[in-house]
Amino acid sequence: MEVFVLLFLLLSAGSSSLIKNYSCEKSHGNCVLNNVILETESDLEQVEFPDITDPLTIATGKIPHFTRMLIDKLPGIKDLTINRLEVETVYVKPEMTHLEAVGNQIRLLEVDNDKDKAYQMLTLDLSSNNLEDLSVLSRFRQLRRLTLNGNKFDTLSMDLFEGMSELRQLSLDNNNMYRFDTSKKIHLPKLQTFSLAGNGLIELHVTMWDFPSLKELDVSNNKLHFLEGSLDQFKSLESVKISGNYWKCDFVDAILLKTIKLDEDEPNRCKESSLIDVQRICCTYDAFSILSIAKDDLGLFDDKWEDLRNLQKDFQGFKDETERKLVRIGELGEERSLIERIEEIKSNQEQILKRLDSSAGMLEIEQLRSDITDHKSTMDDKYSGLGRQLDSFVEPFNELRSDVNEKLAKYEEIPEKLLPLEQLINDQGALQKSTIVLQKAVQDMEKQQLLYHLSIAALRNQIGSQVSELKAEIDKFTKRNEKLDTQIDRIMFNVNTIFEMLESISED
C-alpha cells in the first residue's frame with residue numbers, strides 16, 4: 001500500500017509540474033506576460049492563461065510556433081504584441097485587428113482556410129523577420145498601416161496590394177529588393193506615405209500608380225538610375241527622398257524645378273563616389289562607370305561592362321556619322337541657290353544673244369556701210385574706227401561665251417551631285433528610326449546588365465543567409481539533445497531512487 005501511495009505522489013507531482021500558468025502584469029492598461037517558454041507541442045497543450053485581457057503583450061520568452069491551438073487559448077485578444085520571441089510561424093485569426101511581431105524569425109504567416117472569411121486587420125508590423133512569401137497579405141483588405149521592413153524578399157509586385165483601399169502607410173525598407181514590378185494600374189486612394197528605402201532597386205516604374213493622396217515618397221539608398229513615369233501624377237505629393245542613389249543628372253535637373261521638398265546626400269558622398277554634385281544631390285552621366293566599381297559585388301564581371309562600353313562607343317560613332325549626314329542634307333540650300341544662279345546666267349545669255357541677233361543692229365551696220373559707200377572719201381576714218389570697235393567687242397563677247405559655257409558645264413554636273421543628296425534625304429527617316437531603335441536596345445541592355453549583377457549579389461546573400469539559418473538550426477538541435485540528455489539523466493536518477501526505495505521496503 002505504501003508503495004502505491006508513493007508512486008501516486010510522484011506521478012501527481014510530475015503531472016502538476018507540466019502545467020504552465022501565466023498571469024497578467026498590468027502596465028499602462030495592457031496585459032503583459034513575461035518569461036513565456038513554449039517550445040514543444042506538449043508545452044502548447046498544457047499552457048493556461050487564467051486572467052488575460054486585451055490588449056496583450058508577451059514581453060519575454062520563447063515561442064517558436066504561435067499556432068492556432070495557442071491562439072484559441074487567448075480568447076478575446078484582438079491586439080497582440082509578440083516581439084523578439086524567436087517566433088518562426090504565426091497563425092492570424094480573422095478577428096485580430098492589430099499584430100506586432102518584430103525581430104522574430106517568421107518565415108510563414110498562416111491564415112484561415114476559409115477564403116470567404118473576412119479579416120479585420122488594421123495595423124500589421126512584421127519588421128525584421130525572414131518573410132519571403134507574402135501572398136497571404138491579399139486577405140487583409142482592411143489594412144491601414146503595413147510595415148514589412150528588414151525581411152528576405154528580393155522581388156515584389158505592387159499588385160499584391162491591390163484592393164487595400166484603406167491603406168494609409170506602406171513601408172518596405174531594407175529588403176534587398178532589386179525589382180519592384182507593377183503589371184497593371186493599381187488604385188490606392190488613401191495611401192499617404194510610401195517607402196522603398198534601403199533596397200537595391202535600379203529602376204522604378206510609377207506610371208501605373210494611381211495614388212491621389214500620396215504625400216511622402218521615400219526611395220533613398222537604392223541604386224536607382226532613372227524613374228519611369230512622372231512625379232507630376234501625384235497631385236498631393238509634398239516630399240520625396242531621393243538621396244543615396246545614382247540618378248541621371250538630367251532627372252535631377254528636372255526634379256529640382258518642381259516645388260517638392262527634397263532631401264540631400266551626405267556631404268562627402270558625391271566626391272567619394274565620383275559623382276556630380278547638383279545642389280547637394282549626387283548624380284552621374286555614366287552610371288556604368290559608377291556601378292561597375294568593385295563595390296557591393298557589382299564589379300564582378302568587368303568584361304561584360306567593357307563590352308557594354310564598347311557598344312556605347314559604337315552607338316556614339318553611329319550617332320555622330322548620322323549627324324554629319326544630316327548636316328550635309330542641310331547644305332542642300334546652298335546647292336539649290338547655285339542652280340538658281342546658273343538659271344539666271346542662262347537667262348541673261350539668251351537675252352544677250354537675242355540682242356546680238358536683232359535686226360536693229362544689222363540695219364545699223366548696213367546703214368554705216370551705205371554711208372561709207374556714198375561718202376567714201378569723207379568716212380574712211382570713221383569706217384576704220386568702227387572696224388576697230390567691232391574687233392574690240394568680239395574678244396569680250398568670246399570671253400562671255402566661254403564663261404557661259406563653263407557655267408553650263410557645271411550646271412550639267414549638278415544633277416549627278418543631287419542624286420546622292422536626294423538619297424540622303426530619303427534615308428533621313430530610316431536613319432532616325434534606326435537611331436531610336438538602337439538607343440532603346442542599349443537602354444534595355446543597361447537594365448538587364450545591372451539586374452544580372454544585382455541578382456547574383458542577391459543570390460549570394462540568400463545562400464549566405466540560408467547557411468546561417470542551417471547553422472542556427474544545428475545549434476538548436478544540439479542544445480535540444482543536450483537538454484534531452486539532461487532530462488534522461490534526471491529520469492534515470494529518479495527511477496534508480498525509486499528502485500532503491502522499493503528494494504529497501506521489500507527487505508524490511
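Which residue in strand 28 does Trp-247 stand opposite? In this predicted model, the residue facing Trp-247 is Cys-283 of strand 28.

**View 1. The open sheet of 3 strands with the order 25-28-27.** The pairing in this sheet is mixed. Strand 25 (247-248) and strand 27 (276-278) each have a single partner strand, so one side of each is left without a neighbour in the sheet. Strand 25 and strand 28 (residues 281-284) run parallel and are joined by 2 bridges. Within strand 28, Cys-283 is the residue opposite Trp-247.

**View 2. The open sheet formed by 12 strands.** The strands follow the order 2-3-6-9-11-13-14-16-19-22-24-26, and their pairing is mixed. At the edges are strand 2 (25-27) and strand 26 (261-262), each of which pairs on one side only.

**View 3. The pairing of strand 9 with strand 11.** Strand 9 (residues 79-81) runs parallel to strand 11 (residues 98-100), and 3 bridges join the two. Asp-79 has His-98, in strand 11, as its bridge partner. Strands of a sheet pair through backbone hydrogen bonds, in either a parallel or an antiparallel manner.

**View 4. The surroundings of Glu-228 in strand 23.** Strand 23 comprises residues 226-228. Glu-228 has a relative accessible area of 34%; this residue is classed as partly exposed because its value lies between the limits of 20% for buried and 50% for exposed. The side chain of Glu-228 makes a polar contact of 3.3 Å with the side chain of His-205. Thr-207 is separated from Glu-228 by 21 residues in sequence, while their C-alpha atoms are 6.7 Å apart in space.

Methods. Residues numbered from 1 in each chain as written. Predicted model: local features only at pLDDT ≥ 70, side-chain atom pairs only at ≥ 80, totals over all residues. Heavy atoms only, no water. Pairing = 2+ DSSP bridges. Helix = DSSP H or I, 4+ residues; strand = E, 2+ residues; numbered from the N terminus. Buried < 20%, exposed > 50% of the residue type's maximum accessible area, 1.4 Å probe, protein only. Polar contact = N/O pair within 3.5 Å; in protein donor to acceptor, adjacent residues only side chain to side chain.
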